[in-house]
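Reader: I'm in my first year and still getting used to looking at protein models. Could you take me on a close look at the pockets in this one, and show me how the rest of the chain fits around them?

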Amino acid sequence: MYSVAELVTHLDKIGVRPGETLLVQASLRAIGPVAEGASGVVRALREALGADGTLVVYTATPENSRTSSYYRAAIAGLTPAELRKYHAAMPAWDAAATPASPTMGRLAEEVRLLPGALRSRHPQTSFTAIGPQARQVTERHLLRSHLGEESPAGRLYRSGARCLMIGVPVWCCTPLHLLEYWQPDRQAQQYRCVVRTPGGARRWRSFTGVRLQDEHFPAMGEVLAGGLGDALESGPLGDAHCYLMQIREAVDLADKWFRSGQS
């Protein structure tokens, strides 16, 4: 079983720096047994970052999007009456109370629950952060900008933040979706979700945003692994293989590859 102190040592060897802003996306299972479990991993990350560092996680709720693959899988085969019942039972999103989707991994929810953690207010693609830069990362997240310039993903890109991927492929870095907002032929899509109003009522919200795609991500990961050079570091955290990546350099390289026809 790994101790918190051992994980801090591993993080230091991977290259995590005190005082930086770090987006972490993780499979905790890949790390192996850890003293204190998920909370021990969070404590190790915060110790490695120090008091001046900011820890960021993706606390999305794709089940609240009536266009997501998760939603489509859930409603497959429902009759019209069953579909109406399903929609009526969908939990209204509340930034303070709605858990991160289980698909985001336990680490995301552990950070969301920390006292003092701040969450961006997008009902489908929220980020949560804790540390000195948390408000700057999360304070403005427009509905039309799921993962675009006016979202935490855009701020992480512009601030020079890095992404630590624990036991997951390099292409799992969520801000890579930024490149889709930069394409001249980007497609728009209508989105719909249910939210909790300040008065406690349920309200359906509709808005238009860029159609997000991930079919190209695995191939893009090969480009990043082979082309980022010093902007990509790797090493173990417990039993997990990790990648530590400069977000700006990764998105720029991915955008160049995407514009070239993905060849």
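Author: Let's start with a bit of vocabulary: helices and strands here are DSSP runs, with at least four residues for a helix and at least two for a strand, and they are numbered from the N terminus. Counted that way, the protein chain has 11 helices and 9 strands. Keep in mind that what you're looking at is a predicted model.

Before we zoom in, a quick look at the whole thing. The chain has 263 residues, and a compact globule of that length would have a radius of gyration near 18 Å; this chain comes out at 19 Å, so the two agree. Put a box around the C-alpha atoms along the principal axes and you get roughly 55 × 45 × 35 Å. Buried residues make up 50% of the chain. As for the outside, the chain exposes about 12300 Å², and carbon and sulfur atoms supply 51% of that. There's also plenty of long-distance linking along the sequence: take the contacts between residues at least 6 apart, and 69% of them join residues at least 24 apart.

Now for the part you asked about. How do you find empty space in a model like this? Rolling a probe the size of a water molecule over the atoms shows where empty space is left.

The largest pocket has a volume of about 1000 Å³. It is lined by 36 residues, and the closest to its centre are Tyr58, Pro62, Tyr70, His177 and Asp214. Want to trace the walls on your screen? Strand S1 (21-26), strand S2 (54-58), helix H4 (69-75), helix H6 (106-112) and strand S6 (188-196) each supply at least two residues of the lining. By class, the lining of this pocket splits into 18 nonpolar, 14 polar and 4 charged residues.

The second largest pocket holds about 260 Å³ of space. Its lining has 13 residues, and Trp93, Arg121, Val195, Arg196 and Arg205 are the closest to its centre. Two elements give two or more residues to this lining, namely S6 and strand S7 (202-210). S6 gives the most, with 3 residues. Sorted by class, the second lining has 7 nonpolar, 1 polar and 5 charged residues. You've met S6 already, by the way: it also supplies at least two residues to the lining of the largest pocket.

Next, look at the loop between S2 and H4, where you'll find Thr59. Thr59 has a relative accessible area of 0%, and since anything under 20% counts as buried, Thr59 is buried. Setting aside its neighbours within four places in sequence, Thr59 is in contact with Ala100, Met104, Ala108, Arg112, Arg119, Ser126, Phe127 and Thr128.

Asn64 is found in that loop between S2 and H4 too. With 6% relative accessibility, Asn64 counts as buried. Leaving out residues up to four places away in sequence, Asn64 touches Met90, Pro91, Trp93, Pro123, Gln124, Arg192, Cys193 and Val194. Trp93 should ring a bell, as one of the residues closest to the centre of the second largest pocket. Pro91 is a nice one to check yourself: Asn64 and Pro91 are 27 residues apart along the chain, while their C-alpha atoms are separated by 8.0 Å.

For contrast, try some residues that aren't tucked away. Ala88 sits in helix H5 (residues 80-89), and with a relative accessible area of 56% it is exposed. The C-alpha atoms of Ala88 and Arg144 are separated by 24 Å, with their positions 56 residues apart along the chain. Glu139 is another exposed residue, at 58% relative accessible area, and you'll find it in the loop between helix H7 (134-138) and helix H8 (152-159). From Glu139 to Leu237, 98 residues apart along the chain, the C-alpha separation is 31 Å.

One last stop is Glu36, in the loop between helix H2 (28-31) and helix H3 (37-49). Glu36 is partly exposed, with a relative accessible area of 45%. What's odd about its backbone is a positive phi of about 75 degrees, although Glu36 is not a glycine.

Technical notes
Residues are numbered from 1 along each chain as its sequence is written. This is a predicted model: local features need pLDDT of at least 70, side-chain atom pairs count only at pLDDT 80 or more; totals for chains, interfaces and linings use all residues. Side-chain values use heavy atoms; hydrogens and water are left out. On a 1 Å grid over the protein atoms alone, a cavity is a set of points where a 1.4 Å probe fits but cannot get out, and a pocket is an open set with protein on both sides within 12 Å along at least five of seven lines; lining residues have an atom within 4 Å of a point. Grid points are joined across faces, edges and corners, and a volume is the space filled by probe spheres set on the points. Ala, Val, Leu, Ile, Met, Phe, Trp, Tyr, Cys and Pro count as nonpolar, Asp, Glu, Lys and Arg as charged, and the others, Gly among them, as polar. Buried means under 20% relative accessible area, exposed over 50%, partly exposed in between (1.4 Å probe, protein chains only). The radius of gyration is taken over C-alpha atoms; the globule rule is 2.2 Å times the number of residues to the power 0.38. Contact means heavy atoms within 4.5 Å. Accessible areas come from the Shrake-Rupley method with a 1.4 Å probe; for residues, only the protein chains shown count as cover.
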